[in-house]
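Reader: I should be grateful for a close look at a single part of this model, with the confidence of the prediction set out beforehand. Please state the cut-offs behind each term.

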Amino acid sequence: MNALPIKIKITILSFFIVMVSLLIGGVVIIGNVENGTEEELRKRMMITARTVAQVPEVEQMITEEEGWTKINQIVEKIRIINNADYITVLNMDRVRYSHPIQSKLGTTSTGEDEGPAFAEHTYTSLAEGEVGVAVRAFVPILNANHEQIGVVIAASIMPSFMEMLATVRQEMIIIAVLTLLFGALGSSLLATHIKEQMYNLEPYEIVRILKERTATFHAMHEGIIAIDQHERITVFNQKAKEMLGVQGDVIGEAIRGVIPDTRLPEILYQDAPVYNQEIRVRGTNIMSTRIPIKSNSEKAGAVAIFQDRTEVKHLAEELTGVKAFVEALRVQNHEHMNKLHTIAGLIQLDQKDQALSYVFQVTEEHEELTQFLRSRFHDDSLIGLLLSKVSRGKELGVQVVISQDSRLKQFPDQLDHHDLVLIVGNLVENAFAALERSDHESKRIWISIEQTDETCTIIVEDNGEGIQADNKWDIFKDTYTTKGERGHGMGLHLIQSLVEKAEGEIEVDSWPGEGTSFILTVPMQAAQLKKGGGKNGESTTGTAP
């Protein structure tokens, strides 16, 4: 049986259920037939007994000795006409005046159910005898003075089970054939439907897939949480439990009960995926991708795939830190080669004093910038990034100016050095790209990073091509880029995610053909910054939503 395909199993089971139902239905039908037959016999025997009790000859002869010789003949005719099995007439001494067996005429009856009839009661009863169960009707015989002078008992034997079955045999056969026919058809359709709902898989295949899926989810390095359309958890892998500090089995529980600050249910209602969004859940910063689950174009739930933000930090560092530092080394190498060529040329021209002066000048400029940055910023990664951008600007013919008021001794609560490197690096690179497309003879980038006890403000301005008014809200969308194939469109989107996480604001001022200013304001402590509006004026100004 276990080796049979699921479709055959379901068909056999359904057919068996139909057979059992048919058997139960047959028993109920036979029971109803039996009750109906009994009720019909009670009425018929009562009519027969009343008929005999009202025959004048019976009333006259029952008081005479050997009156049964005439009464029995009269009663026998009535018995045959009314299809009764026997009719017995008793006088008040219970002597039989009629009976189908001649030898019992004149004998005394000893029936246990006859007593009430001699007290002028009319009733029916069931009595079990040698030939079966009989339905007996009792009617008293009264004379002209309404005095009881005897009793009439009319009886009919109940038909056997097989006899009753024979009366409905044709109907039972038709019902059985139709039931089996439609039962077999329904069983086959049900089995086919269930098989389709199970994607034509056998139970052992479903079990194997479930085990493999569960093992795969738990083996993945990312946290995975899935819910159904009722916000109940269907998947919660081990990595997710470790990252969010959840213990025990939570499958089937409401997601809001397990993770009160969850952002997953909102995907059910907005019906749109969210990719690579940094959020804070249960005190943990994670990079989350949340996608609605659909089945036959209907919402079936949602799934979240997320990573610990440490891994995303490494990615950000690769994109905006390591690459920037490698580029800085390349630029510095190129710059030093140019300087060496200059020095070599002065020496060949026997301008030793001028060559020495040039060396001192270059050394002082570099040392002055380095000392300034070290005195104003406590993080080497940020210092290295700024130095590389200044050198990069010299190579591109862009003057990169760092505000003398810049100062950063402490990171905001919700940002670290990776975040600052990503933010400043992307903003400056975007400024380089804008200046590359600009026709200005004097190209300039101005950078300011200022910190107070309440806020940290980052400003990056350029005099490049600016941003068109129609695009001011598109620049923060992921995959949006103006750099063609060189761009990935993630820079400003990541910056916006970081600022939102830190409960800060982004303000964009841009004049097409004149330049753009990005102003980022982040509270030093969470939930400290009060939301405010943008600047007024004719510029294209917007605060990132």
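Author: Among the elements of the chain, strand β13 (residues 455–462) has the highest mean pLDDT, 94, and strand β16 (residues 540–543) the lowest, 38. Here pLDDT is the predictor's confidence in each residue, from 0 to 100, while strands (E, at least two residues) are DSSP runs numbered from the N terminus. The model is a predicted one, in which local features need pLDDT of at least 70 and side-chain atom pairs count only at pLDDT 80 or more, whereas totals for chains, interfaces and linings use all residues. Residues are numbered from 1 along each chain as its sequence is written, and side-chain values use heavy atoms, with hydrogens and water left out.

For the chain, the mean pLDDT is 80, and 83% of the residues reach 70 or more. Over residues 528–545 pLDDT stays under 50; the model has 50 contacts (heavy atoms within 4.5 Å) beyond four places in sequence for this stretch.

The part chosen for the close look is A302, which lies in strand β10 (residues 298–308). A302 counts as buried because its relative accessibility is 0%; buried means under 20% relative accessible area, exposed over 50%, and partly exposed in between (1.4 Å probe, protein chains only). Beyond its neighbours within four places in sequence, A302 is in contact with I225, A226, I227, L264, I267, L268, I291, P292 and I293. The C-alpha atom of A302 is separated by 7.1 Å from that of R290, twelve residues away along the chain.

Terms used
Helices (H or I, at least four residues) and strands (E, at least two) are DSSP runs, numbered from the N terminus.
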